[in-house]
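This report describes the model shown below, beginning with its charged side-chain pairs and continuing with strand pairing, nonpolar cores and an annotated residue.

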Amino acid sequence: MIYLVEDDESIRELVVYTLKSQGMDAKGFERPSLFWKELEKEVPALILLDIMLPEEDGISILRKLRTRPDTCKIPVIMLTAKGTEYDVVMGLDSGADDYIPKPFRMMELISRIKARLRRAEDKGAEEYHLENLYLCPGRHIVTVGQEPVNLTLKEYEMLVLLLKNSGMVLSRTQLLNQIWGYEFDGESRTVDVHIRTLRQKLGSAGDLIETVRGVGYKIGR
C-alpha cells in the first residue's frame with residue numbers, strides 16, 4: 001500500500017490512478033488528519049508527501065514519522081512545488097528518502113517509487129541459497145559455486161523475484177509487470193530473452209530456472 005498526502009485534488013487523483021494502473025495499491029488523503037487516522041489502521045510500504053498542506057506541513061509530518069517505531073523506516077518521497085535548494089536540504093535532513101519537485105513526470109515518479117521499494121525490501125531481505133546458487137540482496141551479490149556472477153539490473157531483479165517466490169510459477173505477465181512496471185502489449189519475448197541470458201550467466205545453476213510450458217517460469221520446488 002502507498003499513501004499520498006496531497007491537498008491538490010487533481011494531482012492526488014492522477015497519482016493514485018496512475019499507481020493503481022501500474023498494479024500498486026494506493027490511497028490519497030487531502031488532509032493530514034485523514035492520513036494519521038488511516039495510519040492507525042494500516043502502515044503503508046511507502047509514503048508520498050507534499051510540504052504545503054492544511055493543518056500541518058509535510059516536514060512536520062515527516063519528523064513525526066521518523067520518531068515512531070512503526071513508521072521510522074518507511075520510505076518517504078517528498079512531492080512539492082517548493083524546489084529551492086534550502087527546501088530540498090530541509091526535506092532530506094528531516095528524513096526524506098527522495099525529493100521530487102512539481103511539476104513532475106508520472107513515469108519518473110513511478111520509477112523512483114519502485115526503486116525505493118526495492119531498496120527497502122533489499123535492506124530486510126534474507127539471503128537465498130539454492131544448491132550452488134547464492135544471492136544476498138543486501139549486498140547485491142550473486143555467486144555460483146562461490147564464483148561471482150555479473151548480472152544486468154533486470155536479470156538481477158528477475159532472479160530475486162524468482163527466488164522470493166521459490167517453488168511458485170510466475171507468468172510472463174507477472175514478470176513484466178513487477179520488473180518492467182508496465183505491459184509490453186504481447187511482447188513477452190522480452191522475458192524469454194532475459195531468462196535465456198540469465199541462465200547462460202548462471203552457468204551450472206542456470207538449470208535451476210525451469211520453464212513451465214505455456215505459463216512462465218519458476219525456480220526451486
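## Salt bridges between separate elements

In this predicted model, the side chains of Arg66 and Asp97 form a salt bridge, with N and O 2.9 Å apart. Arg66 belongs to helix 3, whereas Asp97 lies in the loop between helix 4 (85-93) and strand 5 (98-101), so this pair ties together parts that are 31 residues apart in sequence. Asp97 has a relative accessible area of 27% and is therefore partly exposed.

A salt bridge also links the side chains of Glu40 and Arg68, here with an N to O distance of 3.2 Å. Glu40 is located in the loop between helix 2 (32-39) and strand 3 (46-49), and Arg68 in the loop between helix 3 (58-67) and strand 4 (76-80); the pair therefore ties together parts that are 28 residues apart in sequence. Glu40 is exposed, because its relative accessibility is 58% and the exposed class begins over 50%. The count of salt bridges comes to 14.

## A salt-bridge network at helix 5

Glu108 and Arg112 form a salt bridge in which the closest N and O atoms are 2.7 Å apart. Both residues lie in helix 5 (residues 106-123), and because they are 4 residues apart, about one helical turn separates them. Glu108 is partly exposed at a relative accessible area of 27%, and Arg112 is likewise partly exposed, at 26% relative accessibility. Through salt bridges with shared partners, Asp98, Arg105, Glu108 and Arg112 are joined into one network.

## Strand pairing and crossover

Strand 1 (residues 2-5) and strand 2 (residues 26-29) run parallel and are joined by 4 bridges. Within this pairing, Leu4 has Gly28 of strand 2 as its bridge partner. Between the two strands the chain passes through helix 1 (residues 9-21), giving a β-α-β crossover that is right-handed.

## Nonpolar cores

The largest nonpolar core comprises 28 residues, and Leu133, Val142, Leu159 and Leu202 have the most contacts inside it. Two or more residues each are contributed by strand 7 (133-136), strand 8 (141-144), helix 6 (153-164), helix 7 (172-180), helix 8 (189-202) and strand 12 (216-219). Helix 6 makes the greatest contribution, with 7 residues.

Beyond its neighbours within four places in sequence, Leu133 is in contact with residues including Tyr128, Val142, Thr143, Val144, Leu159 and Leu163. The contacts of Leu133 also include Leu202, Ala205, Leu208 and Ile219. Apart from the largest core lies another core, of 19 residues, among them Tyr3, Leu53, Ile61 and Leu65.

## The annotated residue Asp50

An unreviewed UniProt entry annotates Asp50 as "modified residue: 4-aspartylphosphate". Asp50 is situated in the loop between strand 3 and helix 3. Its relative accessibility is 3%, so Asp50 counts as buried, the limit for that class being under 20%.

Which residues are in contact with Asp50, leaving aside its neighbours within four places in sequence? They are Val5, Glu6, Asp7, Gly58, Leu79, Thr80 and Lys102. Among these contacts, Val5 falls within strand 1 (residues 2-5), and Gly58 falls within helix 3 (58-67).

Note on methods:
Residues numbered from 1 in each chain as written. Predicted model: local features only at pLDDT ≥ 70, side-chain atom pairs only at ≥ 80, totals over all residues. Heavy atoms only, no water. Salt bridge = Lys/Arg side-chain N within 4 Å of Asp/Glu carboxyl O. Buried < 20%, exposed > 50% of the residue type's maximum accessible area, 1.4 Å probe, protein only. Pairing = 2+ DSSP bridges. Right-handed = clockwise from strand over helix to strand, strands pointing away. Core = buried A, V, L, I, M, F, W, Y, C linked by side-chain atoms within 4.5 Å. Contact = heavy atoms within 4.5 Å. UniProt positions renumbered as here; feature names shortened; annotations may be inferred.
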